[in-house]
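Open the model in your viewer and keep the sequence panel beside it. This tour goes from one selection to the next and says what is there.

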Amino acid sequence: MQDAGNTAVAILGIGRMATGLAVDLALNGCSVDVIDIKPRETSERLVKADELQAEFVVSANKLGRDTAGLMAPVYCGADIPDKNYTYVFEALPEEIPVKQAAYAAMGETIANATALCSMTSTFTVEELTAGINLAADMVVTHFMNPPWLIPFLEVVTPDSMKTENVETLFGFLRQTGHMPIRCKSSPGFVISRLQVGLMNEAVRLMEEGVASPEDIDKAITHGWGYRFPVMGILEFIDAGGLDILHHGGQSVARALGRPDLNSPTLIGQKYAEGAYGTKTLRGLFDYGDGTALAKREVIRLDQQVRLKSLLDQFQAEEDARTEAGS
Ligand SMILES: NC(=O)c1ccc[n+]([C@@H]2O[C@H](COP(=O)([O-])OP(=O)(O)OC[C@H]3O[C@@H](n4cnc5c(N)ncnc54)[C@H](O)[C@@H]3O)[C@@H](O)[C@H]2O)c1
């Protein structure tokens, strides 16, 4: 089990992400206080507190984790404990005024923390701090839902943050079982920007009736699902061939009258250089003499076969459920 050394953290909010992160960090040995500054009836607060404890137990059971010796997350309601927290995480609605009002309400608690970490999906550090003075470094920690299950997160740190504090934060995130990547303060970061493109294109396909909604979803679950757990999208471009993307992007863009579907400049440049991907040993990545690539391809095929047997098993279970229900 990971041990985050009883790091004290506060989490602002009691919605999906706040609850998921509270459970995640508590399961990794942190002392977690959940501060819910939204005005609520006492009865509603009691329900929220119960739901938090229930999610802690259910998630631990699902992960096969023993909660003995761990501190369950503490629901504090609107009370802000007089404590020093290493990190204050904010998981409030995606609205700047709501987030900034909460930062102001937290006062000294934020000033004493090493960093104030927003779970925002889209706002840059500059947008989160526009027009306010913060006494702590404002960091974006964009986790995925639920954080106790998905390791990846993207992190944006301000240029002014001390290197040792950045390193400590990344160490803490890794210790709690996460895989943080560093990202520029750019709208939508990596994940949300990729998702915006994919989600909007999926809805366009639906709008245009290119396939049924169920079948569009199958393209993800039964197409991409068999590939992307073991391969990144940029690796996939190299494997498929940049030349294919270059020509394919142009023809789809032209046929649909959608210049936005043309490939970016980098693809045109690589195409002009003859760097087509794995087949030329140069593309978006450089494959040297190809030795490591050959090994990687053997391992990846093996991983995909193992993945296929798991996904086929899910499909058989799904088919059995459908048959039983019909
Ligand atoms: N849902 C996701 O999959 C996901 C994934 C990654 C990041 N995020 C980001 O995490 C943040 C929280 O998202 P969520 O999905 O947990 O939202 P949510 O709606 O589930 O939770 C928001 C919380 O804020 C509280 N709240 C609402 N108005 C408030 C106010 N005026 N003052 C104080 N508290 C208030 C709500 O009661 C709730 O506890 C957002 O910035 C979102 O973009 C969400």
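The stops below cover the domains, the ligand, two helix pairs and two backbone details.

**Domains**

Keep in mind that this is a predicted model. Begin by colouring residues 8-182 and 211-325 separately: the domain assignment of the chain calls these domain 1 and domain 2. The C-alpha centres of domain 1 and domain 2 lie 34 Å apart.

**The ligand and its shell**

Next, select the ligand and show its surroundings, which consist of 20 residues. To find the closest ones, pick Gly 15, Met 17, Lys 38, Ser 121 and Asn 145. Three elements each give two or more residues to this shell: α1 (16-27), α3 (96-106) and β6 (137-143). Which element gives the most to the shell around the ligand? It is α1, with 3 residues. Colour the shell by residue class and you should find 11 nonpolar, 6 polar and 3 charged residues.

**Helices α1 and α2**

Stay with α1 and add helix α2, residues 42-62. Packed helices are described by the angle between their axes and the distance between the axes. Here the axes of α1 and α2 come within 9 Å and cross at roughly 55°. At that angle, α1 is oblique to α2. The crossing of the two helices, α1 and α2, is right-handed.

Now show the side chains where they meet. From α1, select Thr 19, Ala 22, Val 23, Ala 26 and Leu 27; from α2, select Leu 52, Glu 55, Phe 56, Ser 59 and Ala 60. By class, this contact of α1 with α2 holds 7 nonpolar, 2 polar and 1 charged residues.

**Helices α10 and α11**

Move on to helix α10 (residues 242-256) and helix α11 (residues 265-273). What is the angle at which the axes of α10 and α11 cross? They cross at roughly 125° and come within 9 Å. The two helices, α10 and α11, are therefore oblique to each other. In this pair, α10 passes α11 in a left-handed crossing.

For the contact, select Leu 242, Asp 243, Leu 245 and His 246 in α10, which meet Ile 267, Gly 268, Lys 270 and Tyr 271 in α11. These residues of the contact of α10 with α11 divide into 4 nonpolar, 2 polar and 2 charged.

**Two backbone details**

Most residues other than glycine have a negative phi, and most peptide bonds are trans. The last two selections depart from this.

Select Asn 145 again, one of the closest residues to the ligand, together with Pro 146. The peptide bond from Asn 145 to Pro 146 is cis, with omega near -5°. Pro 146 is found in the loop between β6 and β7 (152-156).

Finally, go to Phe 189, in the loop between β8 (179-182) and α7 (191-207). Phe 189 is not a glycine, yet has a positive phi of about 50°.

Methods
Residues numbered from 1 in each chain as written. Predicted model: local features only at pLDDT ≥ 70, side-chain atom pairs only at ≥ 80, totals over all residues. Near = placed C-beta within 6 Å. Helix = DSSP H or I, 4+ residues; strand = E, 2+ residues; numbered from the N terminus. Nonpolar A, V, L, I, M, F, W, Y, C, P; charged D, E, K, R; others polar. Domains from an automatic or database assignment. Axes fitted to C-alpha atoms, helices over the stretch in contact; angles between N-to-C directions. Parallel < 35°, antiparallel > 145°, perpendicular 65-115°, else oblique. Left-handed = near helix turned anticlockwise from the far one by under 90°. Contact = placed C-beta atoms within 7 Å.
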